[in-house]
2 protein chains.
Amino acid sequence: MAARTSLLYFEVPFSLFNNSVELKATQQDISHLLASLDLKLSHEQQFALNGGFFIQYFDTSSNHAIVRGHPEGIITLDLHEYVAKGSTPKFPPQVIQDLERKLKQSLKSPHSKSEPAIKRGQEFEVYYPTMDGRIIEYDIDEIVFEENSKYQNVRIAHSKTFGNMLILDGDPNLAESDVIYSHSMMRQGSSNFSDKDVLILGGGDGGLLNELRKEGCRSITMVDIDAVVLKAAQKYLRGICTDSLDEYKKENYEVIVGDAIAFLKKAIADNQHYDFVLSDLTVVPITPEPVGDEWDFLRLVLDLSTKVLAKDGKLLTHANALLATRAISMFEGELDKLQGFQWNRKEAHVPSFHELWTFYEIEEIKQS
Amino acid sequence: MAARTSLLYFEVPFSLFNNSVELKATQQDISHLLASLDLKLSHEQQFALNGGFFIQYFDTSSNHAIVRGHPEGIITLDLHEYVAKGSTPKFPPQVIQDLERKLKQSLKSPHSKSEPAIKRGQEFEVYYPTMDGRIIEYDIDEIVFEENSKYQNVRIAHSKTFGNMLILDGDPNLAESDVIYSHSMMRQGSSNFSDKDVLILGGGDGGLLNELRKEGCRSITMVDIDAVVLKAAQKYLRGICTDSLDEYKKENYEVIVGDAIAFLKKAIADNQHYDFVLSDLTVVPITPEPVGDEWDFLRLVLDLSTKVLAKDGKLLTHANALLATRAISMFEGELDKLQGFQWNRKEAHVPSFHELWTFYEIEEIKQS
């Protein structure tokens, strides 16, 4: 079941709104066309408004249409219908496109448009906006896993395009299509992991671990807090983790279910060092100011991570979407504060993110 | 200027609709919250409807809100405002999110959602649906080129994420982010172009030509019909064509402004052959049946292209989005009809397409 809302619009000449005869005829044309869809104008539901007009229609199933004329030269039409589970829409895309075509002709509109219907109250969520607030509709056709862990809501949705997608607390994290995310985090091509000790913070989807296993590391230690994520990934994200989460301890790698912060603190106390630390923890928060828990957490991770780096070691991390410009600039401000370190940024298109994501390499400034 | 429509919804218990006291209180809560946004209920604009309700609000600037209660357990709210050019929205995302949060609390809704506002009548188009009819909002901030050629509307829009995007007759074609498109067409990695004669049909964006120039071909001939596309690409798509369209004739390549079909017919008459033909012409049409002009055109291209292949030559082409399942299956049906030829398909995520695109390699069946 879902409420489907189709939004159409038509460019019309401004002059239409100054010519009451023509305006009346236009409204009659609209009513005539909507009547062919069983949508009828009722009394008290048509009136002039701020130089434009507002008209309201209902059909026999109480679906409604609202037509607004804006004197700036556009007419909008919103068509709202409720589709019960298992039923087919009364106003499917072909009907809407046909209506658009006929109205465009009737209104002599030089430009018209109808967007795909927005669906509300569906069984599962298909709209996940970009970080800069644009609407993106995913082709999700099934929820293959859902569980509330101690830490978060863990969901794996199947997308026809991206494969299985890990969604944590409603945020798409990584999909089976996204190996470029791991390659970008690792700086594949310019990093040499051969015989190196590597620490992954987070990374519960197993993507990074799986790619690093191919690089001849001496050791890989991965610390992720959420056993539910690990379990779900092992089963449903095999497109990116393959068999890497089947066993948590093998010849040269170990997966530890635990708190990355506590692990880092213990490593510092034990004077343990890593050639590479890959921080794949929570996304850099998009908060208005770099204050509060989330930013404190990020600062702590940066501080502790740099302290466990071996000589010539590198901290590799992601941040946020490039278009989350304030979050990115605040994150880079934090990097600038790391005494004795330099950093550089790369961007990559991650398929299921639908946008450019940022990746950082942080290393000690070499003394020349 | 644009009409902005914010669509919200709230899950509510079914039982709400069977309890007139509670329902009345809920409606009053909604009215109270909307009043804080200057939206006021007017007379004759609230009524029961099919077991649910319909309420209509207007503010002093004649923006309107429609609230619908569906007895199946959802309440939808559509907030429509008109924003004049240069003005800021009265209901920006923060206001909508705040309203959602307050309404969710007041309605004791277990689940609510507000989508990014849909904008209609903007200066330029930002919504380009996927081939399977999902809504995608691009971060287009400028139209850098527009001209109607003899053949089509040629537009280049700038996207913050994808760079400049070529849009032909309203269809996004290729963006500066999309070198993978050319690499997928070429079957980079498994094709050997060294000392080969290559023919590109279409390809006016210059992306394929630019990538093939790196492969040590003996000759590359490209035939594109639209000089306006070539001119626009040379100037605005340098991220993919670099300097490849600066000169139309150089040591080992030539760009011919002309009709690919006529070129192929002449090549057949002249008994000319190519080791690779890359057909980058019009997308495979999504028509209900494989009949008519567009499919005839496609059949003709396949027929003529295979006829100019040298011994062991290959025809490389794209088709459509993988999710345009009917178009893909019809296209593959056409490939099956090519006597003596075999084909295989690969898919790739093309960043600016937001979906998986299909690429074909067609070659003669080897006699064993």
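B:Phe276 is buried in this predicted model, with a relative accessible area of 6%. Its ring forms a tilted aromatic pair with that of B:Phe193, at 4.3 Å centre to centre and 45° between the planes. The two partners come from distant parts of the chain, 83 residues apart: B:Phe276 belongs to strand 16 (residues 274-280) of chain B, while B:Phe193 sits in the loop between helix 3 (179-186) and strand 12 (197-202) of chain B. B:Phe193 is buried as well, its relative accessible area being 1%.

A second pair in chain B is formed by B:Phe353 and B:Trp357, and this one is edge-to-face. Both of its members are buried, B:Phe353 with a relative accessible area of 9% and B:Trp357 with one of 6%. A pair of aromatic rings is described by the distance of the centres and the angle of the planes, and the table sets out these values for the two pairs.

| Aromatic pair | Centre to centre | Angle between the planes | Kind |
|---|---|---|---|
| B:Phe193 and B:Phe276 | 4.3 Å | 45° | tilted |
| B:Phe353 and B:Trp357 | 4.8 Å | 70° | edge-to-face |

Over all chains the count comes to 22 aromatic pairs. In chain A, ring pairs link A:Tyr181, A:Phe353, A:Trp357 and A:Phe359 into a cluster.

Some residues of that cluster also take part in the surroundings of A:His318, which is found in strand 17 (residues 309-321) of chain A. A:His318 has a relative accessibility of 8% and therefore counts as buried, since the cut-off for that word is under 20%. Leaving aside residues up to four places away in sequence, A:His318 touches A:Tyr181, A:Trp357 and A:Phe359, and among its other contacts are A:Met185, A:Ser279, A:Phe331 and A:Tyr360. Two polar contacts involve the side chain of A:His318: one of its polar atoms lies 3.0 Å from the backbone oxygen of A:Leu281, and a contact of 3.1 Å joins the side chain of A:His318 to that of A:Trp357.

Strand 17 of chain A is part of an open sheet of eight strands with mixed pairing, in the order 14-15-13-12-16-17-19-18. Strand 14 (249-250) and strand 18 (341-350) of chain A each have a single partner strand and stand at the edges, so one side of each is left without a neighbour in the sheet. At one of these edges, strand 14 of chain A pairs with strand 15 of chain A in the antiparallel sense over two bridges, and A:Lys250 has A:Tyr253 in strand 15 as its bridge partner.

Helix 5 (residues 227-236) of chain A has as its buried residues A:Val228, A:Val229, A:Leu230, A:Ala232 and A:Ala233. An α-helix has 3.6 residues a turn, so residues three or four places apart point the same way. The buried residues of helix 5 of chain A pack against several elements, including strand 13 (219-224) and strand 15 (253-257), and also against strand 8 (140-148), strand 9 (153-159) and strand 10 (163-168) of chain A. At the start of the helix, a side-chain oxygen of A:Asp226 reaches to within 3.0 Å of the backbone nitrogen of A:Val228.

In chain B, strand 9 (residues 153-159) is mostly covered, six of its seven residues being buried. Strand 9 of chain B pairs antiparallel with strand 8 (residues 140-148) of chain B over seven bridges, and a hairpin of four residues joins the two; here B:Glu142 stands opposite B:His158. Strand 9 of chain B also runs antiparallel to strand 10 (residues 163-168) of chain B, with six bridges between them. These two strands form a hairpin with three residues between them, and B:Ala157 has B:Met165 in strand 10 as its bridge partner.

How do the two chains meet? The size of an interface is often given as the accessible area lost when the parts come together. Between chain B and chain A this buried area is about 5,000 Å², of which carbon and sulfur atoms give 63%, and 57 residues of chain B are in contact with 56 residues of chain A. Across the interface there are six salt bridges, and one that joins the two chains links the side chains of A:Arg120 and B:Asp78 (2.7 Å, N to O). There are also 22 residue pairs in polar contact across the interface. Of the side of chain B that touches chain A, the largest share, six residues, comes from strand 5 of chain B.

Note on methods:
Residues are numbered from 1 along each chain as its sequence is written. Chains are lettered from A and ligands numbered from 1 in the order in which they are written. This is a predicted model: local features need pLDDT of at least 70, side-chain atom pairs count only at pLDDT 80 or more; totals for chains, interfaces and linings use all residues. Side-chain values use heavy atoms; hydrogens and water are left out. Buried means under 20% relative accessible area, exposed over 50%, partly exposed in between (1.4 Å probe, protein chains only). Contact means heavy atoms within 4.5 Å. A polar contact is a pair of N or O atoms within 3.5 Å; within protein, one must be able to donate a hydrogen and the other to accept it, and residues adjacent in sequence count only if both atoms are side-chain atoms. Two strands pair if DSSP finds at least two bridges between them. Rings of Phe, Tyr and Trp (its six-membered ring) pair if their centres lie within 6.5 Å; planes under 30 degrees apart count as stacked, over 60 as edge-to-face and the rest as tilted. Buried area is the accessible area (1.4 Å probe) that two parts lose on being put together, summed over both. A salt bridge is a side-chain nitrogen of Lys or Arg within 4 Å of a carboxyl oxygen of Asp or Glu.
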